[in-house]
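Me: I'm new to this one and would like to learn how to read it. Could you walk me through it feature by feature?

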Amino acid sequence: MSLFCLLWPPLFYLFWRSVSPAGESGYGGVWALLLGSVAANFQFFYGAFVRPGGFGFSRWLSGCVDLVAVPVLLPLLVCLAMTVFRMIAGTVDFTGFALLWIIPMGALRAVNWGARGDPVLLVLVPLLWTAIAAGLPFLGGVVLRGPWPARILAGLAALALPPLAATVYWAFFRQEHSLGFPLLALSVAPLAASCVCGAWARR
């Protein structure tokens, strides 16, 4: 399971590059790896920002801030800021940027979590990283370019995706699998749609 946490982000990035339209992979990719390494090392040595307690709201909030949502929202926001300030030119691949950012995080988490052997941390959390990294840019693209009904639905889905992913972690941590699996399916649906649409666009 430690190998999954270590290898899933880079392998999924290679898969993503094979199915997505060509985007920024030069200086943007270098920035993503460098900044992702800095962020991963900072969190590794600093520790959790939210102290989890038991199985309630603090556990959910810790999962959202420290484990699942914020670590992937950060590179997406950084990529958006770099695009606005023209630090990245051309067609920008937000998903590729975020996936490169989380590669160092996956490596450090594999070391940190490896002794626990917990599949929720070593398997589920990396899956949720990629679900957000690929799902949010896809939904954002629908908001910008889709018809109005689709824009509204995609906007609501984009707002719901990060807390939904944190809820998936929380449900599996509590071993409430009857709740976790349906929510997991909803969380990865935008990722699956982005891969299908990207592969179709490359044809």
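Me: Let's begin with two phenylalanines. Where do Phe12 and Phe15 lie, and how many residues apart are they?

Reply: Keep in mind that this is a predicted model. The general idea comes first: an α-helix has 3.6 residues a turn, so residues three or four places apart point the same way. Here, Phe12 and Phe15 are both in helix α1, three residues apart, which is about one turn of the helix.

Me: How many aromatic pairs are there, by the ring-centre rule?

Reply: The count comes to twelve aromatic pairs. Take Phe12 and Phe15: their ring centres are 5.7 Å apart and their planes meet at 50°, so this pair is tilted. A tilted pair has planes that are neither under 30 degrees apart nor over 60.

Me: Are those two rings buried or exposed?

Reply: Residues under 20% relative accessible area count as buried, and those over 50% as exposed. Phe12 has a relative accessible area of 5%, so Phe12 is buried. Phe15 comes out at 38%, so Phe15 is partly exposed.

Me: And what kind of pair do Phe44 and Phe45 form?

Reply: That pair is edge-to-face, with 90° between the planes and 5.2 Å from centre to centre. Phe44 is partly exposed because its relative accessibility is 36%, while Phe45 has 66% and so counts as exposed.

Me: Back to the first helix. Which residues are linked into a cluster by ring pairs?

Reply: Phe4, Trp8, Phe12 and Phe15 are. Phe12 also appears among the buried residues of α1, which are Cys5, Pro9, Phe12, Tyr13, Trp16 and Val19.

Me: Where does α1 have a kink?

Reply: Look at Trp8, shortly before the proline Pro9: the kink there is about 40°. Trp8 is also one of the residues in the ring cluster, and Pro9 is one of the buried residues of α1.

Me: How far apart are the end C-alpha atoms of α1, and what span should its 18 residues have?

Reply: You work out the expected span at 1.5 Å a residue, which gives 26 Å for the 18 residues of α1 (residues 2-19). The end C-alpha atoms are 26 Å apart, so the two agree.

Me: Rings can have other partners too, I guess. What sits over the ring of Trp148?

Reply: For this feature, look for a charged group above the face of a ring. In this model the charged end of Arg151 sits over the ring of Trp148, 4.6 Å from the ring centre.

Me: On to the spaces. What is the volume of the largest pocket, and which residues lie nearest its centre?

Reply: A pocket is open, whereas a cavity is a space that a probe cannot get out of. The largest pocket has a volume of about 870 Å³. Its lining takes in 31 residues, and Phe94, Pro137, Phe138, Gly141 and Arg145 lie nearest the centre.

Me: Which helix gives the most to that lining?

Reply: α6 does, with ten residues. Helices α4 (70-84), α5 (94-113), α6 (119-145), α7 (148-173) and α8 (177-202) each supply at least two residues of the lining of the largest pocket.

Me: How many cavities of 30 Å³ or more does the structure hold?

Reply: Two. The second largest cavity has a volume of about 50 Å³, and Ala40, Gln43, Phe44, Met105, Leu108 and Arg109 line it. The elements giving two or more residues to that lining are α2 (27-46) and α5. You've met Phe44 already, in the edge-to-face pair with Phe45.

Me: Last topic: backbone angles. What is phi at Arg86?

Reply: The thing to look for is a positive phi in a residue that is not a glycine. Arg86 has one, of about 60°. Arg86 belongs to the loop between α4 and α5, and at 75% relative accessible area it is exposed.

Me: And where does Gln175 lie?

Reply: Gln175 is in the loop between α7 and α8. Its phi is positive too, near 60°. With a relative accessible area of 64%, Gln175 is exposed.

Methods
Residues are numbered from 1 along each chain as its sequence is written. This is a predicted model: local features need pLDDT of at least 70, side-chain atom pairs count only at pLDDT 80 or more; totals for chains, interfaces and linings use all residues. Side-chain values use heavy atoms; hydrogens and water are left out. Helices (H or I, at least four residues) and strands (E, at least two) are DSSP runs, numbered from the N terminus. The expected span of a helix is 1.5 Å times one less than its number of residues. The bend at a residue is the angle between axes fitted to the seven residues ending there and the seven starting there. Buried means under 20% relative accessible area, exposed over 50%, partly exposed in between (1.4 Å probe, protein chains only). Rings of Phe, Tyr and Trp (its six-membered ring) pair if their centres lie within 6.5 Å; planes under 30 degrees apart count as stacked, over 60 as edge-to-face and the rest as tilted. A charge sits over a ring if NZ of Lys or CZ of Arg is within 6 Å of the ring centre and within 35 degrees of the ring normal. On a 1 Å grid over the protein atoms alone, a cavity is a set of points where a 1.4 Å probe fits but cannot get out, and a pocket is an open set with protein on both sides within 12 Å along at least five of seven lines; lining residues have an atom within 4 Å of a point. Grid points are joined across faces, edges and corners, and a volume is the space filled by probe spheres set on the points.
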